[in-house]
Amino acid sequence: MVRHMASNPSNKRISLQVEYEGTHYMGFQFQPDQPTIQGEIEKAIQQLTGESIRIRGASRTDSGVHAYGQIVDGLIKDKYSSSTVLQALNHYLPSDIKITNAYEVSESFHSRRDAKSRVYRYQILNRPEPSPLRRRTHCVVQEQLDDSKMSRAAKDLVGTHDFEQFTKGLNNYTSTIREVLRWDVRRVGDIITIECEGNGFLRQQIRRANSILVEIGKNKWPETSIKDTLEDKFKKGKSHTVLPALGLCLLEVKYYNFWDKVISKHETS
């Protein structure tokens, strides 16, 4: 039975930076009888310590979504240094999940609640031919995309908005209002990168918004489509497609005062 380890002098809080390819997992959050990132990390901790504990994650990435800078935290016995935790967990974890940094942090640290913003990147391979090397990390769009139009339209996503129209048919949320700090579209050769940063994102919000940008880039929908969707004026808004998860990656989680809460660290880079 997985449990939270009670706080006592023999325990300390560890924060881990995790990199993973989400292709074969049903998202980050633990699900019984399903492969998840959280489940694999907790299994590795149990193999190291012999104890079953629950960790917390800064972002509950969806099934198939990748991460370069996911942050998790949990309690572990004081006898294990951050260096030992990093090396041991990487020994027990599968090859598509690895710990890149490990920190001993203050008891008050909370990977999700303390986060200031999350940065996500969506990658599109914009060419007729698929790529064997990018088949798990890039969404292929064969039609030529106008990235300039996409970039202009993406600016309508910036600011504090009610994103209810981007979560139709999904779980209910206490609030669908989110603050978006930036939503940038860039092209380098045949790769279009869409990078966004916000205080939090709703389930499928990023992939649904980017699907609208793709339709704008194809010149099928007007540049006002993002704004119209936010205002529930766009008739096609309720039938927006969702781009494949494989193109999405959690790049970074930013904190207000992370280093103030770090007691010791072990980094691989």
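In this predicted model, Lys149, Met150, Ala153 and Ala154 of helix α3 meet Leu213, Val214, Ile216 and Gly217 of helix α4. Sorted by class, the residues of this contact comprise six nonpolar, one polar and one charged. Helix α3 spans residues 147–154, and its axis lies 8 Å from that of α4, at an angle of about 140 degrees. The two helices are therefore oblique to each other, an angle having to exceed 145 degrees before it counts as roughly antiparallel. The crossing of α3 and α4 is right-handed.

Helix α4 also holds Arg208. With a relative accessible area of 13%, Arg208 is buried, since residues under 20% fall into that class. Arg208 can further be placed with respect to Tyr173: the two residues are separated by 35 positions in the sequence, and their C-alpha atoms lie 17 Å apart in space.

Beyond α4, the chain enters the loop between α4 (205–217) and α5 (225–230), where Asn219 is found. Asn219 is a residue other than glycine, yet its phi is positive, near 65 degrees. As a general rule, most residues other than glycine have a negative phi. The relative accessible area of Asn219 is 48%, which means that this residue is partly exposed; a value over 50% would be needed for it to count as exposed.

A second positive phi occurs at Asp33, which is likewise not a glycine and has a value of about 65 degrees. Asp33 is situated in the loop between β1 (11–20) and α1. Its relative accessibility is 82%, and Asp33 therefore counts as exposed.

The loop that holds Asp33 leads to α1, and this helix takes part in another packing arrangement. Helix α1 covers residues 37–49 and helix α2 covers residues 82–92; their axes come within 9 Å and cross at roughly 115 degrees. The two helices are therefore roughly perpendicular to each other, as the range for that class runs from 65 to 115 degrees. Like the crossing of α3 and α4, that of α1 and α2 is right-handed. On the α1 side, the contact is made by Ala44, Ile45, Gln47 and Leu48, and on the α2 side by Val85, Ala88, Leu89 and Tyr92. These residues divide into seven nonpolar, one polar and no charged, whereas the contact of α3 with α4 includes one charged residue.

The cysteines remain to be considered. A disulfide is a covalent bond between the sulfur atoms of two cysteines. How many disulfides does the structure hold? The number is zero, and the distances between sulfur atoms show why for Cys139. The cysteine sulfur closest to that of Cys139 belongs to Cys249 and is 15 Å away, too far for a bond; the cut-off for a disulfide is 2.5 Å. Cys249 is not in a disulfide either, the nearest cysteine sulfur to its own being that of Cys196, at 11 Å. Is Cys139 buried or exposed? Its relative accessibility is 7%, so Cys139 counts as buried. Cys249, at 16% relative accessibility, also counts as buried.

Methods: Residues are numbered from 1 along each chain as its sequence is written. This is a predicted model: local features need pLDDT of at least 70, side-chain atom pairs count only at pLDDT 80 or more; totals for chains, interfaces and linings use all residues. Side-chain values use heavy atoms; hydrogens and water are left out. Axes are lines fitted to C-alpha atoms, for helices over the stretch in contact, and angles run from 0 to 180 degrees between N-to-C directions. Helices (H or I, at least four residues) and strands (E, at least two) are DSSP runs, numbered from the N terminus. Angles under 35 degrees count as roughly parallel, over 145 as roughly antiparallel, 65 to 115 as roughly perpendicular and the rest as oblique. A crossing is left-handed if the near helix is turned anticlockwise from the far one by less than a right angle, and right-handed if clockwise. Contact means heavy atoms within 4.5 Å. Ala, Val, Leu, Ile, Met, Phe, Trp, Tyr, Cys and Pro count as nonpolar, Asp, Glu, Lys and Arg as charged, and the others, Gly among them, as polar. Buried means under 20% relative accessible area, exposed over 50%, partly exposed in between (1.4 Å probe, protein chains only).
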